[in-house]
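Trainee: Got a minute to walk me through this one? I'm new to it and don't know where to start.

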Amino acid sequence: MDIRFDGKCAIVTGAASGIGLAIARQLAASGARVVLADLDSSKTEAAAQDIGHGARAFVVDVTKADQVAALVAFAQAECGALHLMVNNAGIGGPIAPLGAYDIADWLKVIDVNLNGVFYGMRYAIPAIKAAGGGTIVNIASILGQVGFAGAAAYTATKHAIVGLTKAAALDHATDGIRINAVAPGFIHTPMVDQGLDAAAQAGIAAKHALARMGEPAEVAALVCFLLSERASFMTGSCHLVDGGYCAQ
Ligand code: NAP
């Protein structure tokens, strides 16, 4: 990639797998010092080692505010400052109609997908401001634009991330912090590939105008663009990378 992040420090949550791993890989290959943050210690360490370029691993549960605060402090201590934050960690939750949606499942999806993004911004923003400015990208979804039967909790959180992104961008535009959201279509990651059989995947692929699901690197390319100075006039908006899913 011709976009460079030399001298920049980045945190990517949910970075041991799928889209987060692809984002961390592209950032590191483009000169950033990256802290990969995820739940599982060995998976996160292995991902950081595989990426190389001085990438670091940090174990975090994004539903725990104190752990997210510690993550930001770790990045500042390791790199001297924090410039870039990608709030990517998320879960799909079970598929069930809203009238039968399990309460504990609802609360879990809200906690990871929405509270986790809030905590990520809550602690990264003061650090990025102290560094003189930077950028944040929150990973939403096409299900932050349209609905999906059986996925009320996930759909609600992804719509909420779009609003949270706009509000945060307005709060911190004059602090030199740009904040955007990215809305992927269905992407081949463990979240989707392990949750859906081949027939279901074919049906979902057909819902995209390009008649396929996307790849993590195709999302990472947009995220890296938004994190870079190439996107210097972009803040408070949500950007689709969806193979035409929402165009129909
Ligand atoms: P993935 O392969 O399952 O990766 C998600 C990572 O986040 C996993 O390593 C997971 O760890 C981690 N994670 C889960 N809960 C966490 C927590 N509480 N704290 C820290 N880390 C946690 O999923 P993905 O498809 O790459 O999804 C990444 C993001 O993209 C999510 O926000 C998702 O909603 C969004 N997205 C995905 C798609 C898609 O089609 N794949 C489409 C649109 C948006 P464990 O594996 O140990 O649980």
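**Starting from Ile-23**

Mentor: Sure. Let's begin with Ile-23: beyond its neighbours within four places in sequence, Ile-23 is in contact with Val-12, Val-86, Asn-88, Ile-139, Ala-220, Val-223 and Cys-224. Keep in mind that this is a predicted model.

Trainee: Okay, and which residues have the most contacts inside the largest nonpolar core?

Mentor: Ile-23 again, along with Leu-27, Leu-36 and Val-223. That core has 34 residues.

Trainee: Which helices and strands supply at least two residues of this core each?

Mentor: On the strand side, E1 (9-13), E2 (33-38), E4 (84-87) and E5 (134-139). The helices are H1 (18-29), H2 (41-51) and H8 (216-227).

Trainee: Why would nonpolar side chains be buried together?

Mentor: That's a general tendency in soluble globular proteins. Back in this model, there is also a second, separate core of 31 residues, and Ala-89, Val-112, Ile-177 and Ala-181 are among them.

Trainee: Switching topic: which residues come nearest to the ligand?

Mentor: There are 28 residues around the ligand, and Ser-17, Asp-38, Tyr-154, Ile-187 and Thr-189 come nearest.

Trainee: What do Ser-17 and Asp-38 put close to the ligand's oxygen atoms?

Mentor: Polar side-chain atoms. The one from Ser-17 lies 2.6 Å from a ligand oxygen, and the one from Asp-38 lies 2.7 Å from a ligand oxygen. Asn-88 uses its backbone: an N or O atom there is 2.7 Å from an oxygen atom of the ligand.

Trainee: How much of the ligand does the protein bury?

Mentor: The ligand taken alone exposes 890 Å², and the protein buries 89% of that.

Trainee: What about Thr-44, buried or exposed?

Mentor: Buried, because its relative accessible area is 0%, and the cut-off for buried is under 20%. Thr-44 lies in helix H2, and a polar atom of its side chain is 2.5 Å from the backbone oxygen of Asp-40.

Trainee: Which residues does Thr-44 touch farther along the sequence, past four places away?

Mentor: Ala-16, Leu-36, Ala-37, Asp-38, Leu-39, Ala-57 and Phe-58.

Trainee: Last one: where is Gly-14 found?

Mentor: In the loop between E1 and H1. Gly-14 counts as buried too, because its relative accessibility is 12%. Its C-alpha atom is 5.9 Å from that of Ala-37, although the two residues are 23 apart along the chain. Setting aside neighbours within four places, Gly-14 is in contact with Gly-20, Leu-21, Ala-37, Asp-38, Asn-88 and Ala-89.

Conventions. Residues are numbered from 1 along each chain as its sequence is written. This is a predicted model: local features need pLDDT of at least 70, side-chain atom pairs count only at pLDDT 80 or more; totals for chains, interfaces and linings use all residues. Side-chain values use heavy atoms; hydrogens and water are left out. A nonpolar core is a set of buried Ala, Val, Leu, Ile, Met, Phe, Trp, Tyr and Cys residues joined through side-chain atoms within 4.5 Å. Buried means under 20% relative accessible area, exposed over 50%, partly exposed in between (1.4 Å probe, protein chains only). Helices (H or I, at least four residues) and strands (E, at least two) are DSSP runs, numbered from the N terminus. Contact means heavy atoms within 4.5 Å. A residue is near a molecule or strand if one of its heavy atoms lies within 4 Å of it. A polar contact is a pair of N or O atoms within 3.5 Å; within protein, one must be able to donate a hydrogen and the other to accept it, and residues adjacent in sequence count only if both atoms are side-chain atoms. Accessible areas come from the Shrake-Rupley method with a 1.4 Å probe; for residues, only the protein chains shown count as cover.
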